[in-house]
Amino acid sequence: MKRIVMLLFAFGFLGLGGAFAEDYRNGIQWEEPALVKPGKTAGAAPSDAIVLFDGKNLDAWEGGAWDVKDGVLTVNPKTGDIRSKEKFGSCQVHLEFMTPPAESKGQGRGNSGLFLMAHYEVQILDSYNNPTYYDGMCGSIYKQSPPYVNACKKPGEWQTYDVIFTRPVVRKEGDKVVEIIRPAYITAILNGIVVQNHFAIQGETYWHKAPEYLVHEDKESIRLQDHNNRMKFRNIWVRNIPDSNDIQREKVLPFIFDPKTMKESFEKEEPAVQKQSTPEAPAKQK
């Protein structure tokens with residue numbers, strides 16, 4: 001008999017769960033997400049992207065005298081890095097690159113770099129059959145974090161970077177950083193393969209000393225490095241993204257479990273906020 005009662009209770013509980021599952025809301029008044037039209041092909045710029053290079057010219061850049069020909073941007077060695085005129089904080093970056101024929105080895109072979117906020121480098125290097133120190137390989141956060149895997153293609157083949165970057169938040173006193181409130185974070189996808197996942201950047205990506213955070217603006221240029229190799233680039237675009245997904249405390253509300261209220265709310269197409277009632281204190285016994 002006891003087993004039958006337990007089974008009936010279980011079926012009843014599942015039935016209630018099914019009712020709750022029809023419409024399960026948390027009561028937060030979310031803003032409607034913006035409509036963004038994806039690119040027509042994989043890797044093409046979506047409708048809200050800022051296009052930095054579309055194969056036509058270097059109007060969006062300043063710095064080194066790099067070459068533009070047949071829709072391709074090529075490093076002109078020893079003319080210097082280029083920087084985007086527009087400045088960015090937290091962002092999504094897409095670019096495509098090609099390393100030249102292998103004429104050297106190690107860091108002298110197909111070397112460049114993608115610098116977020118002009119300070120934090122995601123390494124670009126010909127790492128195809130090219131041994132070097134691991135935190136200097138293609139896909140590394142330079143001198144801070146090796147890539148999970150070596151995902152490089154052969155020289156002469158187009159490769160893709162998709163990078164998601166969250167800007168750092170620091171407290172400054174004059175020209176010094178006195179507190180790191182939130183480090184910069186980076187996720188990097190090389191040729192469709194995750195090579196960094198939400199890595200906490202430790203500061204400037206120096207080659208000759210330990211990293212540290214320096215004072216800079218909340219938005220800075222994207223920088224591409226001239227490392228004396230004739231690297232090629234195409235299809236470079238950026239999207240601004242929010243600094244954080246944290247929900248403000250005043251928006252955190254209790255979940256709604258009343259199926260009837262949820263049904264009425266759903267019909268009105270607006271979530272209902274349920275006020276939590278405070279249970280009355282039990283009467284004192286005389």
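A residue is called buried under 20% relative accessible area, exposed over 50%, and partly exposed in between. The exercises below apply this scale to a predicted model.

**Exercise 1. Determine whether Val-194 is buried, partly exposed or exposed, and identify the surface patch that includes Val-194.**

Step 1. Val-194 belongs to strand S13, which spans residues 193–200.
Step 2. The relative accessibility of Val-194 is 38%, so Val-194 counts as partly exposed.
Step 3. Together with Tyr-148, Val-149 and Ile-193, Val-194 forms a nonpolar surface patch. The accessible area of these residues together is about 350 Å².

**Exercise 2. Describe the surroundings of Gln-196 and the strand pairing around this residue.**

Step 1. Gln-196 also lies in strand S13. With 1% relative accessibility, Gln-196 is classed as buried because the limit for that class is 20%.
Step 2. Strand S13 pairs with S12 in the antiparallel sense through five bridges, and Gln-196 is the bridge partner of Ala-188.
Step 3. The two strands make a hairpin with two residues between them, and Asn-191 in the turn has a positive phi of about 55°.
Step 4. On to the next pairing: S12 (residues 185–190) is joined to S9 (residues 159–166) by six bridges, again antiparallel. Here Ala-188 stands opposite Val-163.
Step 5. The side chain of Gln-196 places a polar atom 3.0 Å from the backbone oxygen of Gly-139. A polar atom of this side chain also lies 3.0 Å from the backbone oxygen of Pro-146.
Step 6. Gly-139 and Gln-196 are 57 residues apart in sequence, yet their C-alpha atoms are 7.4 Å apart. Beyond four places in sequence, the residues touched by Gln-196 include Ser-140, Ile-141, Ser-145 and Tyr-148.

**Exercise 3. Characterise Pro-100, Arg-109 and Asn-111 in the loop between S6 and S7.**

Step 1. Pro-100 is located in this loop, between strand S6 (91–98) and strand S7 (112–116). Its relative accessible area is 18%, so Pro-100 is buried.
Step 2. Apart from neighbours within four places in sequence, Pro-100 contacts Gly-110, Asp-126, Pro-155, Arg-230 and Met-231.
Step 3. Asp-126 in turn forms a salt bridge with Arg-109, with 2.7 Å between the closest N and O atoms. This pair links the S6–S7 loop, where Arg-109 lies, to the loop between strand S8 (120–124) and S9, where Asp-126 lies, 17 residues apart.
Step 4. Both partners are buried: Arg-109 at 11% relative accessibility and Asp-126 at 1%.
Step 5. Asn-111 shares the loop and is buried at 1%. Among the residues that Asn-111 touches are Gln-123, Ile-124, His-227 and Met-231.

**Exercise 4. State which parts of the chain are linked by the salt bridges Asp-81 to Arg-223 and Asp-243 to Arg-167.**

Step 1. The structure holds nine salt bridges. In one of them, the side chains of Asp-81 and Arg-223 meet at 2.7 Å, N to O.
Step 2. Asp-81 is in the loop between strand S4 (72–74) and strand S5 (82–88), and Arg-223 is in strand S14 (residues 220–224), so the bridge ties together parts 142 residues apart in sequence.
Step 3. Asp-81 is partly exposed at 23%, whereas Arg-223 is buried at 14%.
Step 4. Asp-243 and Arg-167 form another salt bridge, at 3.1 Å between the closest N and O atoms. Asp-243 lies in the loop between strand S15 (232–240) and helix H2 (259–268), and Arg-167 in the loop between S9 and strand S10 (169–173), 76 residues apart.
Step 5. Through shared partners, Arg-167, Asp-218 and Asp-243 are joined into one salt-bridge network.

Methods:
Residues are numbered from 1 along each chain as its sequence is written. This is a predicted model: local features need pLDDT of at least 70, side-chain atom pairs count only at pLDDT 80 or more; totals for chains, interfaces and linings use all residues. Side-chain values use heavy atoms; hydrogens and water are left out. Helices (H or I, at least four residues) and strands (E, at least two) are DSSP runs, numbered from the N terminus. Buried means under 20% relative accessible area, exposed over 50%, partly exposed in between (1.4 Å probe, protein chains only). Contact means heavy atoms within 4.5 Å. Patches are made of residues with over 30% relative accessible area and no salt bridge: like charges are joined within 9 Å, nonpolar side chains (Val, Leu, Ile, Met, Phe, Trp, Tyr) within 5 Å. Accessible areas come from the Shrake-Rupley method with a 1.4 Å probe; for residues, only the protein chains shown count as cover. A salt bridge is a side-chain nitrogen of Lys or Arg within 4 Å of a carboxyl oxygen of Asp or Glu. A polar contact is a pair of N or O atoms within 3.5 Å; within protein, one must be able to donate a hydrogen and the other to accept it, and residues adjacent in sequence count only if both atoms are side-chain atoms. Two strands pair if DSSP finds at least two bridges between them.
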